[in-house]
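Open the model in your viewer and show it as a cartoon. Keep the sequence panel visible, as each stop asks for a new selection.

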Amino acid sequence: MPTFGLEEEVFVVEPEKPSLKSLYYLSKLLWRNPRRHYRLTASNFSRGPDVKQALMSGVEVATEVHNDPASLVDDLRERRGELASVAEGLIAPIGHLVNLSTPSNVCALQLHVGGVPNIETVYQNLGHFLPILTLITINAPFAGGTYYGQSFRLAHGYSIGPLRPDPTDRFQDMIITKRLGTVELRAFDPCWDLERVRVLARAVAAIAALDKPLAFDRALYNKGRIALAERGFVPELRPLYNELSLIADVPEEMLIRTASDEVKEFCQAHGTVAAYSALDNGYRNGIFAAAPVPENKAALLKSMAGLAGYYVPKLPYVTWKYLKEK
């Protein structure tokens, strides 16, 4: 029986950029339940010249391993509730921040599939349907305040990219992980709407249960990924959607009007901070509508407490993971 796990990265903005206070929020989670949150949370930082725009990147919460998509998404809902209970800023589940232009400062929704004897077949079949799966949560419409398309992150994010002949190479849209031996789907953007995540998890489970290999053209996928990132559900994807519809219930309207479209329209109508507030409200309460924005207070002591109470204790584990996965 296949097993599933989710890693969800989100920004905590205060109110337009992340700050090191994100580490303080993670430290509160860690010391509330060290057994869980030492393994199942993480922090990320910008790299290179992107540091000039914002040092802090997203924070990550992850689920335990599950045997079915329903319990997987229920677990994610609980992990969201935990993060919401400690985060004082606006939680923005989005692949790339509206007002920055930082390819290394991105967030992802990563879905793992394991526990299967035929990992290569599962990899191949998921790759066959990867463009449609990616559209279910695609959500990074802006860079530097300018509309890009469906996902700036998918096109320019540093930690993903075209599929290579070796599926264990890091930083591709989909890999077979060296540490866990799972298929890790890395192309997905985070979004506030748990129903989209639920549809995605069910579709992945249905594909993983197939017992025969499907045709998978890596070069064709790589050729079309930028069109997918820019324009979304292009006509060329219609036959693939029709094929997926035979094995999984993926509402067509989710692909025609994406999470990215929803954010774009709201941001253009109400502004960046209001869009972050709506994302936060959607994440916390399931309602995509702006709410009062909390006052942004400088908190040097909280940032320092986060470094000491989260980043330093996690450093050995982060180093171990890096060495296992490189």
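**The whole chain**

Colour by secondary structure first: the protein has twelve helices and nine strands. Its radius of gyration is 19 Å, close to the 20 Å that the globule rule gives for 326 residues, so the protein is as compact as a globular protein of that length. Remember throughout that this is a predicted model.

Now rotate the C-alpha trace. Along the principal axes it spans about 55 × 45 × 35 Å. Of the 326 residues, 58% count as buried. Take the contacts with a separation of 6 or more: residues 24 or more positions apart account for 76% of them.

Switch on the surface. About 13500 Å² is exposed, and carbon and sulfur atoms supply 56% of that area. Then colour the charges. There are 36 positive and 36 negative side chains, and the centres of the two sets lie 6 Å apart.

**Stop 1: D189**

Select D189, in the loop between β9 (183-185) and α6 (194-208). Is D189 buried or exposed? Its relative accessibility is 1%, under the 20% cut-off, so D189 counts as buried.

Show side chains here. What does the side chain of D189 reach at 2.7 Å? It is the backbone nitrogen of N139. A polar contact of 2.9 Å also joins the side chains of D189 and R153.

Widen the selection to the surroundings. Beyond its neighbours within four places in sequence, D189 is in contact with G95, C107, L109, T137, I138, N139, A140, S151 and R153. Keep N139 selected for the next stop.

**Stop 2: D261**

Move to D261, in helix α10 (residues 259-270). Its relative accessible area is 10%, so D261 is buried.

Draw a distance from D261 to N139. The two are 122 residues apart in sequence, but their C-alpha atoms are 7.8 Å apart in space.

Which residues touch D261, once neighbours within four places in sequence are set aside? They are Q150 and I256. With Q150 there is a polar contact between side chains, at 2.9 Å.

**Stop 3: L72**

Next, select L72 in helix α3 (residues 69-86). At 0% relative accessibility, L72 counts as buried.

What surrounds it? Leaving out neighbours within four places in sequence, L72 is in contact with F4, G5, L6, T63, E64, H66 and A201. Pick A201 from that list and draw the C-alpha distance to L72. The separation is 8.1 Å, for two residues 129 apart along the chain.

**Stop 4: two backbone details**

Go to P15, in the loop between β1 (3-13) and α1 (21-32). Show the backbone atoms of E14 and P15. A cis peptide bond joins them, with omega of about -10°.

Finish at F171, in the loop between α5 (152-156) and β8 (174-176). F171 is not a glycine, yet its phi is positive, at about 65°. Is this residue buried, exposed or partly exposed? Its relative accessibility is 26%, so F171 counts as partly exposed.

**Views to save**

Save one view with D189, N139 and R153, where the side chain of D189 meets the backbone nitrogen of N139 and the side chain of R153. Save another with D261 and Q150, joined by their side-chain polar contact. A third can hold L72 with A201, one of its contacts.

Terms used: Residues are numbered from 1 along each chain as its sequence is written. This is a predicted model: local features need pLDDT of at least 70, side-chain atom pairs count only at pLDDT 80 or more; totals for chains, interfaces and linings use all residues. Side-chain values use heavy atoms; hydrogens and water are left out. Helices (H or I, at least four residues) and strands (E, at least two) are DSSP runs, numbered from the N terminus. The radius of gyration is taken over C-alpha atoms; the globule rule is 2.2 Å times the number of residues to the power 0.38. Buried means under 20% relative accessible area, exposed over 50%, partly exposed in between (1.4 Å probe, protein chains only). Contact means heavy atoms within 4.5 Å. Accessible areas come from the Shrake-Rupley method with a 1.4 Å probe; for residues, only the protein chains shown count as cover. Lys and Arg count as positive and Asp and Glu as negative; His and the chain ends are not counted. The place of a charge is taken as NZ of Lys, CZ of Arg, CG of Asp or CD of Glu. A polar contact is a pair of N or O atoms within 3.5 Å; within protein, one must be able to donate a hydrogen and the other to accept it, and residues adjacent in sequence count only if both atoms are side-chain atoms.
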